[in-house]
Every structure is written in structure tokens, then in C-alpha cells.
Amino acid sequence: TAVASAEAEEALERHIASLFGDMRALQRDLLEALRAGHRDGDIRPRLQDLVADGEVASVRLSVSHLRQLALEACAFGFLLGSDEADLGMSVELTLPSVGQGPQGPSLDLLRLHIFGA
């Protein structure tokens, strides 16, 4: 699913980073570790060895903790989407209809309207 705005994406990335760390750094470390011991074939045994030896960061979750994490992710996503929708409705900007000069809208009249003068 797409994130509706750059601000929402930033909030999501910060939330993920607060839970798990910098995802780009984690991915880079994992790829470097996998390349270092590259063998042809299935990488799952190599990945299991890396995790077991503590060479790459990992998180073990029980089924109940995985459910809790999924529920919290859904709640966070819902609140983020809801807040973004509310903000989008309240901050919609439109230009006022102001006087027209020979070259288009009068900037002086526009400034007066924006600043309430």
C-alpha cells in the first residue's frame, strides 16, 4: 500500500527505526554478512548460522508478541491515516478571487487578502 504523504512516510520510518533500528543499516549489514560467506544454493542455512552466531541483528518473537506487533502496526497505520485525512481536510488552501490587473491577479490585493489587511 502507498503512503499518502511524505510526512506520513517520515513518521512511519521514524516509528520503525525506534522499534528496530535503522532499516537501511540492518539491510546493509545482512547483505555484507551473506556475501562474505557466499555459497551457491540456498541461503537459508547461512542466514540461520549468522543469526545463531549473533553476526547479524535479529529479533525473536513468540506468536503472541507477533500478534501484538501486528495489532499495534494496524492501530498506528489507522491513526496515521486518520490524522492525515483530518489534516488534509482542515488545511486545504485555495486562492481567493481578487482583483485582476492587465497581467493577472493583483499581488497587492492578494497580499492584503492573505494578511487580512
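Me: Which residues lie nearest the centre of the largest pocket?
Reply: This is a predicted model, where local features need pLDDT of at least 70 and side-chain atom pairs count only at pLDDT 80 or more, while totals for chains, interfaces and linings use all residues. Numbering runs from 1 along each chain as its sequence is written, and side-chain values use heavy atoms, with hydrogens and water left out. The largest pocket (on a 1 Å grid over the protein atoms alone, an open set of points where a 1.4 Å probe fits, with protein on both sides within 12 Å along at least five of seven lines; lining atoms within 4 Å of a point) has 13 lining residues. Nearest its centre sit Phe20, Met23, Leu26, Ala57 and Ser58.

Me: Which helix gives the most to that lining?
Reply: Helices here are DSSP runs of H or I, at least four residues, numbered from the N terminus. H2 (23–36) and H3 each supply at least two lining residues. With five residues, the top contributor is H2.

Me: Is leucine 47 buried, partly exposed or exposed?
Reply: Leucine 47 belongs to helix H3, residues 44–52. Its relative accessibility is 31%, and the cut-offs are under 20% for buried and over 50% for exposed, with a 1.4 Å probe and protein chains only. So leucine 47 counts as partly exposed.

Me: Which residues does leucine 47 touch, leaving out those up to four places away in sequence?
Reply: Leucine 30 is 17 residues away along the chain, with the two C-alpha atoms 8.6 Å apart. Taking contact as heavy atoms within 4.5 Å, leucine 47 touches Leu30 and Leu34.
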